[in-house]
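Student: I am new to this structure and should like to work through it in an orderly way. May we begin once the sequence and the structure are in view?

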Amino acid sequence: MNPFSSPLSPIKLCLVVLLLAVLLGRSSAAEETSDILLGMTTALTGPTSELGTAMRDGVVAGLERINRAGGINGRQLKLFVLDDGYEPYRAAANMRTLLEEKQVLAIIGNVGTPTAIASVPIAIEQKTLFFAPFTGAGLLRRHPPERYVINFRASYEQEIEAMVEALIDQGGLAPTDIAFFTQRDGYGDAGYVSGYRALKRRGLKNDRQILHVRYERNTLAVENALADILYYRHPPKAIIMVGAYAPCAKFIQLAKESGLKALFLNVSFVGSRPLQRKLGPYADNVIITQVVPPLTGSHPPVVDEFIADLEKIRSKTDPNDVSLEGYMAARILGKALQKAPSPLTREAVIDSLESLGSFTLGPGIPLKLSRQRHQASDGVWPTRLTAQDVLPFSWTEIGPLLNEVTAP
């Protein structure tokens, strides 16, 4: 007689139902008391490793602050990090590991535009939050927003718009006085397109009127780009740079040694501290737009909290704008997780972020998220490098600075 073909008695059926209920209850309870696992794929090796390491440490510092306060309903937040070396194919493989094998609740703080281009489709396919990547590229800022992509920082378009407005409206330059040095990939292209649009709004007729030079990602091969600028028929008075810190530093140093009299302006991805350290004595009067407040000078209380919390995790990197960005992103995600209903699911996290509305991480930094708005901050802070420090800068100073660096 087949034991599986005979019907269960009422008593046996009740016992089976009771056993299943106990097992399911234990599983649910285990989920509600286990760690909450988040994922990150970033550059921990290669020429942008300082950025990846800083972003990781900032996120960890923010998560540990939440954990010290009791976590999320008693559950601790953990970050699982994989190295992609700033290469898209490695980032895509890491995303599969994080989402399918590790089953992370959300992705946070990935570094770079080319890696985001490879990662975002996987996050969307897996219906998992891709939160606060370290990039201002427009592809992550759709209208209406992509449900599974939510940003913390201002866009490259906002950063470059601020630069162009200052150079032309306050510095007195013509659109044709501005050139572009960019990385040859989606990151550099995003920056150049943003700059071209800003110049076109101010009278530029076509892109043949301005010089655009490029270098290959993950290389220091900037010599040809510099040569194109040095021999251009109309030497630029300002160069907007959309690259990584090592090649940008090499380009600026060689340009200054060659006698090029131009102001160098960098978007936030370059990392203020990494670029300043690479440039050393060549750092003077290089401009960087940041998407978080400067650590020096007057700043909001969250900056002091960040510095203290970074020290608590014994980070080997000094506090900088990149790690501060990761820290603020983690604090925002923590705020949403604390509001999210139980059980905590991938979809619930997104709903909770969208429900935050207008909020702050303390005075001085207004933030807003909603179903229609998937970028929390519009803040852009200009800074100026010296050989010793990264200093706050006002766009009202751009005219005198241009006169100084371009003087014969």
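Student: At roughly what angle do the axes of helix 11 and helix 12 cross?
Tutor: In this predicted model, helix 11 covers residues 321–339 and helix 12 covers residues 346–354. Their axes come within 8 Å of each other. An angle from 65 to 115 degrees counts as roughly perpendicular, and helix 11 is therefore roughly perpendicular to helix 12. The crossing angle is roughly 110°.

Student: Which residues of helix 12 make the contact with helix 11?
Tutor: Helix 11 contributes Ile332, Leu333, Ala336, Leu337 and Lys339. By class, the contact has 6 nonpolar, 1 polar and 1 charged residues. From helix 12 come Val349, Ser352 and Leu353.

Student: Which residue follows the cis peptide bond that starts at serine 342?
Tutor: The bond has an omega near 0°. The residue that follows lies in the loop between helix 11 and helix 12. That residue is proline 343.

Student: Is serine 323 buried or exposed?
Tutor: Serine 323 belongs to helix 11. Beyond four places in sequence, serine 323 touches Ala54, Gly58, Phe306, Leu310 and Asp318. The C-alpha atom of serine 323 is 8.6 Å from that of leucine 310, a residue 13 places away along the chain. Because its relative accessibility is 0%, serine 323 counts as buried.

Student: Is arginine 314 buried or exposed?
Tutor: Arginine 314 is placed in the loop between helix 10 (301–312) and helix 11. Its phi is near 55°, a positive value in a residue other than glycine. With a relative accessibility of 71%, arginine 314 counts as exposed.

Student: Let us turn to the sheets. Which strands stand at the edges of the sheet with the order 7-6-8-9-10-13-14?
Tutor: This open sheet is formed by 7 strands with mixed pairing, and its twist averages 25° from one strand to the next. An edge strand has a single partner strand, so one of its sides is left without a neighbour in the sheet. The edge strands are strand 7 (212–215) and strand 14 (390–392).

Student: Which residue of strand 10 is the bridge partner of asparagine 266?
Tutor: Strand 9 (residues 263–266) pairs with strand 10 (residues 287–290) in the parallel sense, over 2 bridges. Helix 13 (residues 398–406) lies across both of these strands and strand 13 (381–385), at about 130° to strand 9. The bridge partner of asparagine 266 is isoleucine 288.

Student: Which strands stand at the edges of the sheet with the order 2-1-3-4-5?
Tutor: This open sheet has 5 strands and parallel pairing. Each edge strand has a single partner, so one side is left without a neighbour in the sheet. The strands concerned are strand 2 (77–83) and strand 5.

Student: Which residue of strand 4 stands opposite isoleucine 108?
Tutor: Strand 3 (residues 106–108) and strand 4 (residues 129–131) form a parallel pair over 3 bridges. Helix 2 (residues 49–68) lies across strand 1 (36–42), strand 2 and strand 3, and runs at about 170° to strand 2. Opposite isoleucine 108 stands phenylalanine 131.

Student: Is asparagine 73 buried or exposed?
Tutor: Asparagine 73 lies in the loop between helix 2 and strand 2. Its phi is near 55°, a positive value in a residue other than glycine. At 68% relative accessibility, over the cut-off of 50%, asparagine 73 counts as exposed.

Student: Is serine 155 buried or exposed?
Tutor: Serine 155 is placed in the loop between strand 5 (149–150) and helix 5 (156–170). Beyond four places in sequence, serine 155 touches Gly136, Arg141 and Gln375. Its relative accessibility is 9%, so serine 155 counts as buried.

Student: Which helix gives the largest share of the largest nonpolar core?
Tutor: This core has 71 residues, of which Leu167, Phe181, Ile239, Phe251 and Leu275 touch the most other members. Contacts of leucine 275 beyond four places in sequence include Tyr245, Val286, Ile288 and Leu385. A second, separate core of 46 residues includes Leu324, Tyr327, Ala329 and Ala340. The largest share of the 71-residue core, 8 residues, comes from helix 5.

Definitions and conventions. Residues are numbered from 1 along each chain as its sequence is written. This is a predicted model: local features need pLDDT of at least 70, side-chain atom pairs count only at pLDDT 80 or more; totals for chains, interfaces and linings use all residues. Side-chain values use heavy atoms; hydrogens and water are left out. Axes are lines fitted to C-alpha atoms, for helices over the stretch in contact, and angles run from 0 to 180 degrees between N-to-C directions. Helices (H or I, at least four residues) and strands (E, at least two) are DSSP runs, numbered from the N terminus. Angles under 35 degrees count as roughly parallel, over 145 as roughly antiparallel, 65 to 115 as roughly perpendicular and the rest as oblique. Contact means heavy atoms within 4.5 Å. Ala, Val, Leu, Ile, Met, Phe, Trp, Tyr, Cys and Pro count as nonpolar, Asp, Glu, Lys and Arg as charged, and the others, Gly among them, as polar. Buried means under 20% relative accessible area, exposed over 50%, partly exposed in between (1.4 Å probe, protein chains only). Two strands pair if DSSP finds at least two bridges between them. A nonpolar core is a set of buried Ala, Val, Leu, Ile, Met, Phe, Trp, Tyr and Cys residues joined through side-chain atoms within 4.5 Å.
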